[in-house]
Amino acid sequence: MKLKGRKALVTGAGRGIGRAIARRLAEDGAMIAVVTRGAAAGEETVRDIIALGGSAELICSDLNSEAAAQDAMARAIGALGGLDILVHNAGVAEARALGESGGAFFDTMTAVNFQAALWLTEAALPALRASGHGRALFTSSITGPKMAIAGFAAYGSTKAGLNGFIRMAAAELAGHGITVNGVEPGATLTDALTSAMGDAADAFGRSMPLGRLTRPEDVAAAMAFLASDDAAMITGATIAVDAGQGLGMQSLG
């Protein structure tokens, strides 16, 4: 119960990695504001946390504007009575070739993946300063910062930008006792991935250096560590949780 009594907001917590993060922080004792775009998925996460003996509040927001992010943060802080841990996990991930990835598509992806990190952090600052052990945590990706994948120029650039924000915010907020870090998942065994890959997902997992795909719970474990006092001296860092995918290993056989 390393996070007992602490108050955490987790965006994109309705499914996949976000739900796993919310559950893990709750298991470690934190009270959770579950932020999702859709109520049904968020309600399921809240029920999971309550079944574990935890405490959770649901906040619906699409986070695609500064006003929406500010409203979600205000409601979360009001419901929890403060904030110690911000986890911005929500993201838009879709492959589109160059020439097809501009306009409204890129605007939405940039708003949710990158700009919302700034909006949420700014809105959380008073509460995180008051916390005494404030944490601002972000789900980035190995795509963009560490790996170039055709078709993901728009997505990868938002994640590369997010990594830059993590380092800059860490430098600026260190004097306030707030640490800023991120986790970079590789291909992760979510419903979305298995739906897209079907039977090929198993073979893809076996091709990883560590022999299987990353699970949402693996990412959540890294987030829980960064949220805890064990990581008090870590800031401006990103941890790749990717089964070694980013190593780019090739067999000589």
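Me: Why is Tyr155 called buried?

Reply: In this predicted model, Tyr155 has a relative accessible area of 12%. Buried means under 20%, so Tyr155 is buried.

Me: What makes Phe152 partly exposed?

Reply: The relative accessible area of Phe152 is 25%. Buried requires a value under 20% and exposed a value over 50%, so Phe152 is partly exposed.

Me: Why is the pair of Phe152 and Tyr155 called edge-to-face?

Reply: The ring centres of Phe152 and Tyr155 lie 6.1 Å apart, with 75° between the planes. Rings pair if their centres lie within 6.5 Å, and planes over 60 degrees apart count as edge-to-face, so the pair of Phe152 and Tyr155 is edge-to-face.

Me: How many aromatic pairs does the structure hold, and what makes Phe138 and Phe165 one of them?

Reply: The structure holds two aromatic pairs. Phe138 and Phe165 have 5.8 Å from centre to centre, and the angle between their planes is 85°. Set against the limits of 6.5 Å for pairing and 60 degrees for edge-to-face, these values make Phe138 and Phe165 an edge-to-face pair. The pair links distant parts of the chain, with Phe138 in strand S5 and Phe165 in helix H5, 27 residues apart. Phe138 and Phe165 are both buried.

Me: How do you know that Asn113 is buried, and what is in contact with it?

Reply: Asn113 is found in helix H4 (residues 103-131). Its relative accessibility is 1%; buried means under 20%, so Asn113 counts as buried. Apart from neighbours within four places in sequence, the contacts of Asn113 include His88, Val92, Tyr155 and Leu162. The C-alpha atoms of Asn113 and Phe138 are separated by 9.6 Å, and the two residues are 25 apart along the chain.

Me: Why is Leu3 called buried?

Reply: Leu3 lies in the segment before S1. The relative accessible area of Leu3 is 0%, and the limit for buried is under 20%, so Leu3 is buried. Beyond its neighbours within four places in sequence, Leu3 has contacts that include Leu25, Ile85 and Ala227. From C-alpha to C-alpha, Leu3 and Ala224 are 8.5 Å apart in space, with their positions 221 residues apart in sequence.

Me: How do you know that the buried residues of H2 are on the same side?

Reply: The buried residues of helix H2 (residues 39-51) are Ala41, Gly42, Thr45, Val46 and Ile49. They cover an arc of only 140° around the axis, which puts them on the same side of H2. The face turned away from that buried side carries the exposed residues Ala40, Arg47 and Ala51. Helix H1 (16-27), strand S2 (31-36) and strand S3 (56-60) are among the elements that cover the buried residues.

Me: What is the span of H2, and what is expected?

Reply: H2 has 13 residues and reaches 18 Å from its first C-alpha to its last. The expected span is 1.5 Å times one less than the number of residues, and the span of H2 is close to the 18 Å that this gives. H2 is followed by Gly53, whose phi is positive, near 90°.

Me: What makes S3 and S7 the edge strands of the sheet?

Reply: The open sheet has seven strands in the order S3-S2-S1-S4-S5-S6-S7, with parallel pairing. S3 and strand S7 (238-241) each pair on one side only. Neighbouring strands of the sheet are turned by 15° against each other on average, direction ignored.

Me: How do you know that S4 pairs with S1 and with S5?

Reply: Strands pair if at least two bridges are found between them. Three bridges join S1 to S4, and the two run parallel; Ala8 stands opposite Ile85 in S4. S4 and S5 pair over four bridges, also in the parallel sense, and the bridge partner of Val87 in S5 is Leu137.

Me: What shows that both faces of S4 are covered?

Reply: Ile85 and Val87 on one side are buried, as are Leu86 and His88 on the other. Both faces of S4 are thus covered.

Key:
Residues numbered from 1 in each chain as written. Predicted model: local features only at pLDDT ≥ 70, side-chain atom pairs only at ≥ 80, totals over all residues. Heavy atoms only, no water. Buried < 20%, exposed > 50% of the residue type's maximum accessible area, 1.4 Å probe, protein only. Arc of directions from axis to C-beta. Contact = heavy atoms within 4.5 Å. Axes fitted to C-alpha atoms, helices over the stretch in contact; angles between N-to-C directions. Phe/Tyr/Trp six-rings, centres within 6.5 Å; stacked < 30°, edge-to-face > 60°.
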